[in-house]
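The following exercises concern a surface residue and the surroundings of a ligand. Each task is followed by a solution in steps.

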Amino acid sequence: MINVELKDIANLCKRRGFIFQDSEIYGGIGSVWDYGPLGVELKNNVKARWWKSMVYDRDDVEGLDAAILMNPETWKASGHVESFADLLVDCKGCKKRFRIDLLKGKECPECGGELTEPRSFNLMFKTQVGSVEGQTHDVYLRPETAQGIFVNFENILTSSRRKLPFGVAQTGKAFRNEITTGNFTFRSREFEQMELEFFVKPGEDEKWYDYWVNERLRWYISLGIREENLRLREHQQHELAHYAKRCHDIEFLFPMGWSELEGIANRTDYDLKQHAKISGRDLHYFDDATGQRYTPYVIEPSGGVDRAVLAFLVDAYRVETVRERKRVYLSLDKRLAPIKVAVLPLLRNKPEIVEMAHRIRDGIRGDYRVVYDDTASIGRLYRRQDEIGTPYCVTVDVDSLSDGKVTVRDRDTMEQDRIEAARVKDFMTEKLDLS
Ligand code: ATP
């Protein structure tokens, strides 16, 4: 169950500094977003956990950071120039534009007006490379990060001396000139993907496909998303992308309904074969165990960083009543929380307290984000930290000066522990468990 509306999440994100509308002072630009001081921490933590699970915790995956701009032949080979398009209709009355696959009836959903015949609209952003007028050529901003991996297949295989099966992981920006936007960051024109291309021997693809579908579902659950808010949906034949043999979406129960969080596709040998054909390069794999040469199949778990961030926020949002007052808190997994510890001096006018609080802050910062806040009453400071999901608040009070102890408050239970100030670092290391 999800008990929050997207507008509440968007409001919290703006107020507390997670996500802002891009170039807002100029009225913004549709469906482009900036991540603020807390948003960048959360997003980095999501990417770091993905990288850890994909690269550091395994021994069969390499990393890559390919460029956004690519030789435009790439997009001819991949099929994006030809078919990365949505079928659109315009309303003859209100002039609004709609994606035909998302329409329910035959009339305009906004005003009931008559709709035009469908037209195809390519989603790639085009720009020019070159500095001499008349001698430029068109290039595209990549609409997916995957192709950077395929065109580097040979480089990575040779330099890393890998044998199948092995994968290449990459996170990075992708751009799509989306038509149907709205729903906050869910469908953005500039967004970030985290993609793995896992190369396998043909015939072993089904086995690896099942493995990655389960593995990816498990990853979201391991980082705190409640199982009841996740489900798998297999694509029917007519929905499959031109390159895919099978595809499962991991869907999350967003406030607007079940929607795609990540797709896991069996891309077969389509991409490597296409690149071999168009580039003229030999992209076969030589299997020295059997003496066979073949084009590997590819299993691709492809997730959106922004959609994951949104899902983690939505799932973590909690409201409860405490002593007749509303308490809002984000029950984010500690590893994802943007700020891990807030150090709060109870009396900001007492130099000994301030000094002790500074010492505690200086002693624990460095490995994770710690903040020091003395700008409001303790009740308000707790509420602020609850709302941004800070797992622990450390409070220094007058008694701390005599007994050397501080109060550690837990975000979820609101329980308070009195511990030795000298033990705060060890306490956090143990409780935060950032390994
Ligand atoms: P949708 O059907 O929602 O447009 P898609 O099936 O086109 O998505 P894919 O091409 O499979 O998406 O992209 C893989 C992942 O990239 C998606 O699961 C999603 O998390 C993310 N993604 C795709 N498009 C966007 C977007 N416009 N904004 C944010 N994330 C996106």
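**Exercise 1.** Determine whether Leu346 is buried, partly exposed or exposed in this predicted model.

*Solution.* Step 1: the relative accessibility of Leu346 is 39%. Step 2: buried requires a value under 20%, and exposed a value over 50%. Step 3: Leu346 therefore counts as partly exposed, since 39% falls in between.

**Exercise 2.** Locate Leu346 along the chain and identify the nonpolar surface patch to which Leu346 belongs.

*Solution.* Step 1: strand S19 (341-345) and helix H10 (351-364) are joined by a loop, and Leu346 lies in that loop. Step 2: together with Leu347 and Val398, Leu346 makes a nonpolar surface patch of about 230 Å².

**Exercise 3.** Describe the residues that surround the ligand.

*Solution.* Step 1: the ligand is surrounded by 15 residues, and the closest are Glu178, Arg187, Ser188, Glu260 and Leu261. Step 2: by type, the shell consists of six charged, six polar and three nonpolar residues.

**Exercise 4.** Which atoms of Arg176, Glu178 and Ser188 lie at short listed distances from ligand atoms, and how much of the ligand does the protein cover?

*Solution.* Step 1: in the side chain of Arg176, an N or O atom is 3.0 Å from an oxygen atom of the ligand. Step 2: a nitrogen atom of the ligand is 2.8 Å from a side-chain N or O atom of Glu178. Step 3: for Ser188, a backbone N or O atom lies 2.8 Å from a ligand nitrogen atom. Step 4: of the 590 Å² of accessible area that the ligand has on its own, the protein covers 84%.

Terms used: Residues are numbered from 1 along each chain as its sequence is written. This is a predicted model: local features need pLDDT of at least 70, side-chain atom pairs count only at pLDDT 80 or more; totals for chains, interfaces and linings use all residues. Side-chain values use heavy atoms; hydrogens and water are left out. A residue is near a molecule or strand if one of its heavy atoms lies within 4 Å of it. A polar contact is a pair of N or O atoms within 3.5 Å; within protein, one must be able to donate a hydrogen and the other to accept it, and residues adjacent in sequence count only if both atoms are side-chain atoms. Accessible areas come from the Shrake-Rupley method with a 1.4 Å probe; for residues, only the protein chains shown count as cover. Ala, Val, Leu, Ile, Met, Phe, Trp, Tyr, Cys and Pro count as nonpolar, Asp, Glu, Lys and Arg as charged, and the others, Gly among them, as polar. Patches are made of residues with over 30% relative accessible area and no salt bridge: like charges are joined within 9 Å, nonpolar side chains (Val, Leu, Ile, Met, Phe, Trp, Tyr) within 5 Å. A salt bridge is a side-chain nitrogen of Lys or Arg within 4 Å of a carboxyl oxygen of Asp or Glu. Helices (H or I, at least four residues) and strands (E, at least two) are DSSP runs, numbered from the N terminus. Buried means under 20% relative accessible area, exposed over 50%, partly exposed in between (1.4 Å probe, protein chains only).
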